[in-house]
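These are my notes from looking through a model with its sequence beside it. I went through sheets, helices, the overall fold and the contact between chains, and wrote down what I looked up.

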Amino acid sequence: MIRNLIATAMIATSLLAVQDATAEDFYEGKTVFVYVGRPPGSGADLAVRSFVRFWQKHIPGQPTMVVKNVPGGGGSRVWNLAWDKKKTGAVEIFFSPVSGMAIIVKQKGLRADLAKMPLLGALMSPNMTFARTDRLQSAKDLPNVKGLRFGGQAPAHRFSILGRLTLDILGVEYRNVAGFSGSSSVFNAVRRKEVDIQTAPLNFYRFTVEPNAVESGDVIPLWFNPIINQSGEIVPLPAAGDIPSFIDFYESINGTPPAGELFEMYKWLLPNVNGIVYAAFMPPDSPELALQILRDSFASVTEDEDYRAEERKMFGFNLPVVSSEEGTAIIDNMANAPEHVREFLQQYIKKGR
Amino acid sequence: MIDGMLAGLMLVFSWPTIGYLFLGVIIGMWVGAVPGLGGVVGLVLLLPFTYSMEPAPAFALLMGLYAVTSTSDTISAILLGIPGSVASQATILDGYPLAKKGQAARAFGAAYTVSAFGGVFGALLMAASLPIILPIIFAFGLPEFLMLGLLGLTMVGVLSGGSIVKGLIVGAFGLLLTTIGYAEATGVPRFYLNTEYLLDGIPIIPIALGLFGIPELLEMAVKNTSISRVDAADTRDGGMMRGVKDVIVHRWLTLRSALIGAYVGILPGLGGSIVDWIAYGHAVQSAKDKSQFGKGDIRGVIAPETANNASRAGALIPTLAFGIPGSLGAAILLSALVIKGLQPGPDMLTVNLDLTFSMIWDIAIANVVAAGLLMLLSRQISKVAFLPAHSVVPGVMVVLLMGAWVATSSMGDWWTCLAMGVLGYAMKQGGWPRPPLILALVLGTLIETNYQLTMQIYDGLSWMVQRPIVVCIEIAIVVTIVLAARGITRPKSMRAKPHEGHGIAESFMSLGLSAAMLALFIWAYVAAQAFEDPATSEFPVVVLLTAIPLTLLAFAQDARLSVRGIGVAGGFAAAWTAASEQWGLRLSLTFFGYVLGIVAMAYTVGQLFALPIFVAIYARRWGRFSWAASFTYAAVCFLIVWGLYVKIMKLHLYPSLLFGG
């Protein structure tokens, strides 16, 4: 009872404060916590920390922003934490990789309904597939090589699903090796010749794979998974350089564009699961003024030339930006995925175990 | 190469780089010394400050911290028997008994001397070994990592005291704990009791702090003794310089341990976890007189402390040169590298060779500076061992519980710490070794992952006989077990003595533990049968099928000893009374009542008030301090929690019923 009274009083006070506040003084002198659901030192941690450095300069009042890591629950814990903060009036940001698969298949442990949480903005992280050269002389040999081993993380991981789907669409005979703890672990196995093919983030390829294995001729790039917007158009990806998109790769080998049930699934996944990666949310029922300020400032960071230069230094290219409207539509799509998509993915994940 | 080394040295000694290196060392000494914090927390705290710095000073700051946490974590390992980090586990076995004998300063003297030597030697060895490191790393595939994990676990199970059977059961229990939460291979959650806290597994810090810290604090409180069981006046031969001389006497052991540390340390993900145990095992196996190991043999401090510092440079090389981070700390350093726009890989050995060498020099210099500073401080630090128990217990309890809170900042951390405190107390009273549990937790996921991946990649079990390194490790495992079973390797002091000193209290507690473990293992086995995928259930089932027969054996032994003890005591009632007295049951339960009280108060008024209230009540009621002293002590604790954990570390405390978040 006492707690409820105190909580009500606090919310009422904060709401009054919000009404009275202007964009200029709303965040002045405040500390804003930004939660990331991955451990320190991970790719997501790096992306969020670098974004946040610039973000605080774009928020009127220039608050102090503190990044906190809350890994756990297979990445779900951070979203559950955000969900639990609804109606507390907390002005906090949750900026972390979204697992589209977890949303679509309604993964155990993810209590938060991301479709009901306000999105501030998001970034994409393109990914690509590469292979060892001792198993195939050139990319064109791929469909003819038997017994290849595809290395991936958990069977429900985005890279595992996209990697396997593309190999299945091509009709490659391969063995799925699931359960690596991250892209680095899979790549170590690639270097030790324990697995032959891997799907990984494009920046990981540029920073780790290219200098250590491509330049020495041990590994060749095969394709990147294209970015398709909500209108179904392929978004150009200059960062991919000479690497073909999967659709071009397929056509170069088979002479015709890919088709069929698996490709339809791939096409459905690309704008959704692959369309949003690092997403910044606030808890449900966050103050409208706080939301507006953070949405505007998020968009403003992505246009900041200093930030874009920093991003190029870290990732080798600029991460494509997803507006809050586009991102909300993507999250809605995944939360309300057609039943046949959900069933297909559940079975496909099961088959990957 | 020489040019690169000299250029790197020049970088380190340029201003402000050297200043940042010293600053990193000071902060590293501090975060290493506070249980529960450690290198990762320190690196995360410092990382934002390096964004706008030039690479050399930025890495000097980070490397200064990274290099020395395994030096200062020795303080809590030796003084309190609490591992400040995974790297200081083996040090407890002989370091803590030395403190109890009033020879903490001697242990510190030896530990800091070898830490400095290990750090410098490891750094120089890695610099000289750069051309051959890549082949070494890639000679270790998934099967080799799997077998190395098993070797580490076997060594701990066998060497950490008590009976071999119980050591192996505890190891199996630890492995079972690592199967809680999402399985890496399938993403299916296991044994999580529909609790979100358990979905990603139990964090190791609250377990280690509860398992080792709470039983030691309880013993001090109940017996009202200082850490040292002898007076300061009786310890004139146990000073710091004696520890330095010990190192000179055991110089070859120091050198061999440094070699072990440096080369095992380069194995990504595994090296840092087992290196101290492998060095400790080597010290025991190579010693002619093994009788004092486990009772306070200085060689049991020298070997692991040399190895864990020597491993730091080894762990850095794969990160810099090949982009392979072997630990969370290394991953943070890698991210710092990326933030600076530097590519891990061949560039770090060519165009940026001076920077690579500057980091290696950072490690070497940081180790020497930290060891020197800690040497200067160790005379004062070791005086803590002679302070009255009641002045130490409440303060350390506050640091211990806040250290546990750092793990995930949820009440699950405190419940885990408390549960592990009860378990640790029972294990201590029942003569069960505790270190295998921690190493199993460190290695469990790694062993399971490597097992699953090995079975997917290599057909059948042919890899067990076809890969030379695997075969060598298998031989080492078998030899370790056989020699230990025959009592050749395992020191006499660690062997179970069923007939001497195996009191009724120990038998009863051990019997209770065997029964509880057996029930848990059977329940887990039944639960594992319900998992749909074989890949989800396979590893826990293998662990349980090994553990259940061993536990039955331990249960039978304990039952036999208990029955015999009841006979000697003249009946169950007399035996129970004797056992209760020996356990200090009433006071022990009171102590746990205090800890439960802290948790209950935290739910009500929050940690910021619960912890100082506990300190005041404990100091006044149990410690018989004056009101003024009790309140002053509580106020200091309040300032520590508020200043260190809330303001500096920005930790969120529990949103209490009365005051909210």
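**Sheets of chain A**

I began with a strand pair in this predicted model: strand β4 (residues 119–123) of chain A and strand β12 (residues 278–281) of chain A pair in the antiparallel sense, over four bridges. To fix the register I looked for the partner of A:G121, and in β12(A) I found A:A280 across the bridge. I then followed the sheet outward and noted an open arrangement of six strands in chain A, in the order β2-β1-β3-β12-β4-β13, with mixed pairing. At its edges I have β2 (64–69) and β13 (321–322) of chain A, each of which pairs on one side only. As a reminder to myself, strands of a sheet pair through backbone hydrogen bonds, either parallel or antiparallel.

Next I turned to strand β8 (residues 197–201) of chain A, and asked how many of its residues are buried. The strand is mostly covered, with five of its five residues buried. I find β8(A) paired in the antiparallel sense with strand β5 (residues 127–132) of chain A over five bridges, and here A:A131 stands opposite A:I197. Strand β6 (residues 148–152) of chain A runs parallel to β8(A) and is joined to it by two bridges; the partner of A:G151 in that pairing is A:Q198 of β8(A).

**A covered helix**

I looked up helix α6 (residues 183–191) of chain A and found that it is mostly covered, nine of its nine residues being buried. The buried set includes the charged-end residue A:R191 as well as A:F187 and A:N188. Just after α6(A), I noted that A:K193 takes a positive phi of about 65°.

**Chain A as a whole**

I counted 13 helices and 13 strands in chain A. Its radius of gyration is 21 Å, close to the 20 Å that the globule rule gives for 353 residues, so chain A is as compact as a globular protein of that length. Taken along the principal axes, the C-alpha atoms of chain A fill a box of roughly 70 × 40 × 35 Å. Of the 353 residues in chain A, 52% are buried, and among its contacts between residues at least 6 apart in sequence, 79% join residues at least 24 apart.

On confidence, I noted a mean pLDDT of 86 for chain A, with 92% of its residues reaching 70 or more. Over residues 15–19 of chain A pLDDT stays under 50, and for this stretch the model has four contacts beyond four places in sequence. Where pLDDT is low, the predicted coordinates should not be read in detail.

**Core and interface**

Which residues have the most contacts inside the largest nonpolar core? This core has 333 residues, and the ones I was after are B:L62, B:I78 and B:L401. Helix α7 (residues 104–139) of chain B supplies its largest share, 15 residues. Leaving out residues up to four places away in sequence, I saw that B:I78 touches, among others, B:Y96, B:L98, B:F108 and B:A111.

Finally, I found 44 residues of chain B in contact with 44 residues of chain A. On the chain B side, α3 (38–50), α15 (328–339) and α19 (435–457) each supply at least two residues, and α15(B) gives the most, with seven. I sorted the residues of that side into 25 nonpolar, 13 polar and six charged.

Definitions and conventions: Residues are numbered from 1 along each chain as its sequence is written. Chains are lettered from A and ligands numbered from 1 in the order in which they are written. This is a predicted model: local features need pLDDT of at least 70, side-chain atom pairs count only at pLDDT 80 or more; totals for chains, interfaces and linings use all residues. Two residues are in contact if their C-beta atoms, placed from the backbone, lie within 7 Å. Ala, Val, Leu, Ile, Met, Phe, Trp, Tyr, Cys and Pro count as nonpolar, Asp, Glu, Lys and Arg as charged, and the others, Gly among them, as polar. pLDDT is the predictor's confidence in each residue, from 0 to 100. A residue is buried if 20 or more other C-beta atoms lie within 10 Å of its own, exposed if 12 or fewer, and partly exposed in between; C-beta atoms are placed from the backbone. Two strands pair if DSSP finds at least two bridges between them. The radius of gyration is taken over C-alpha atoms; the globule rule is 2.2 Å times the number of residues to the power 0.38. A nonpolar core is a set of buried Ala, Val, Leu, Ile, Met, Phe, Trp, Tyr and Cys residues joined through C-beta atoms within 7 Å.
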